[in-house]
Amino acid sequence: NAILAASGEGHGRTWSDIEADPGFQARMDRIHAEIPTAEELRRDPTAHPRYLSNADQELRTAAGDLYRKRLGDEPHQVAWEFVYRMWFLWAAHNDWYQPGGALQWGLVALDWLLLALALVGSAVALRLGGPARAVIVGLAVYTLVIATHHVEARFGIPLRGLHLSLAAVALMSIGPLRQRT
């Protein structure tokens, strides 16, 4: 997942675009060439875990090297991809069915509204203190870390309730919904 992001996954460049790139495919072919044979698997119970560990290490190293090179050559593009993946994580309209036309634009607008409300709710909760701070820090760390990797909107599903709760905090802090004390 890190190598996909380091290779430029973002708006207009999907994981399938990256996987179709001959350079990316050559890298993966080199890794797949090291897959243990059936005989090696029968003879050595550590062959497969060792292969996975080595492949993972090679891909993590390649992702780090590629990120460093791209940050030196095109830092704004890397930053844009990072920001896009953070947004994509919380773009609920990308989870399942993709409608077209005006309905899709309405769902995109709803995503932006909910994200803005969640950010306002986060600021309110941070100001109020208490356990909500840990939740907000956890969501922020998760969002930042996952954005360095291949991202799918479904990766946010387990945390969507917290996201929506923060939007509710924002709504409860304004206008007639605000509790008067």
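This passage describes helices, salt bridges and selected residues in a predicted model.

Helix H5 comprises 27 residues, from 47 to 73, and its first and last C-alpha atoms lie 38 Å apart, close to the 39 Å expected at 1.5 Å a residue. The buried residues of helix H5 are Ala47, Tyr51, Ala55, Leu59, Ala62, Ala63, Gly64, Tyr67 and Arg70. These buried residues pack against four helices, namely H1 (2-6), H3 (22-32), H4 (38-43) and H6 (75-89). For helix H6, the 15 residues should span 21 Å at 1.5 Å a residue, and the separation of 21 Å between the end C-alpha atoms agrees with this expectation. Within helix H6, the buried positions are Val78, Glu81, Tyr84, Arg85, Trp87, Phe88 and Leu89, and the packing partners of the buried residues of helix H6 are H1, H5, H7, H8 and helix H9 (160-172). Helices H5 and H6 thus appear in each other's lists of packing partners, H6 being among those of the buried residues of H5 and H5 among those of the buried residues of H6.

The pairing of these two helices also includes a salt bridge, in which Arg70 and Glu81 bring their closest N and O atoms to 2.7 Å. Because Arg70 belongs to helix H5 and Glu81 to helix H6, this pair ties together parts that are 11 residues apart in sequence. Both partners are buried, Arg70 with a relative accessibility of 8% and Glu81 with a relative accessible area of 4%, each value falling under the 20% limit for a buried residue. Through salt bridges that share partners, Arg70, Glu74 and Glu81 are joined into one network.

In total, the model contains 8 salt bridges, and two others among them link residues within a single helix. In helix H5, Arg60 forms a salt bridge with Asp56, with the closest N and O atoms 2.8 Å apart; the two residues are separated by about one helical turn because they are 4 residues apart in that helix. Arg60 counts as partly exposed at 45% relative accessibility, and Asp56 likewise counts as partly exposed at 39%. In helix H4, a salt bridge connects Arg42 with Glu39, where the closest N and O atoms are 3.5 Å apart; here the residues are 3 apart in the helix, so that they too are separated by about one helical turn. Arg42 is exposed, with a relative accessible area of 63%, whereas Glu39 is partly exposed at 41%. An α-helix has 3.6 residues a turn, so residues three or four places apart point the same way.

Helix H8, which covers residues 132-146, includes Thr143, a residue that is buried with a relative accessible area of 12%. The side chain of Thr143 reaches the backbone oxygen of Leu139 at a distance of 2.8 Å. When neighbours within four places in sequence are left aside, Thr143 is in contact with Met86, Leu89 and Trp90; of these, Leu89 is listed among the buried residues of helix H6, and H8 is one of the helices against which the buried residues of H6 pack. A nonpolar surface patch of about 250 Å² is made by Val137, Val141 and Val145. Val137 is located in helix H8 and is partly exposed, with a relative accessible area of 48%, in contrast to the buried state of Thr143 in helix H8.

Helix H7, spanning residues 101-128, contains Val108, which counts as buried at 14% relative accessibility. Although Val108 and Ala91 are 17 residues apart along the chain, their C-alpha atoms are separated by 7.5 Å. Leu128 is also placed in helix H7, but Leu128 is exposed, with a relative accessible area of 64%. The C-alpha atoms of Leu128 and Gln104, which are 24 residues apart in sequence, lie 36 Å apart in space. Outside the helices, Ala153 lies in the loop between H8 and H9 and, at 3% relative accessibility, counts as buried. Between the C-alpha atoms of Ala153 and Ser165, which are 12 residues apart along the chain, the separation is 18 Å.

Key. Residues numbered from 1 in each chain as written. Predicted model: local features only at pLDDT ≥ 70, side-chain atom pairs only at ≥ 80, totals over all residues. Heavy atoms only, no water. Buried < 20%, exposed > 50% of the residue type's maximum accessible area, 1.4 Å probe, protein only. Polar contact = N/O pair within 3.5 Å; in protein donor to acceptor, adjacent residues only side chain to side chain. Contact = heavy atoms within 4.5 Å. Patch = residues over 30% accessible without salt bridge, like charges linked within 9 Å, V, L, I, M, F, W, Y side chains within 5 Å. Areas by Shrake-Rupley, 256 points an atom, 1.4 Å probe, with all protein chains shown as cover. Salt bridge = Lys/Arg side-chain N within 4 Å of Asp/Glu carboxyl O. Expected span 1.5 Å × (residues − 1).
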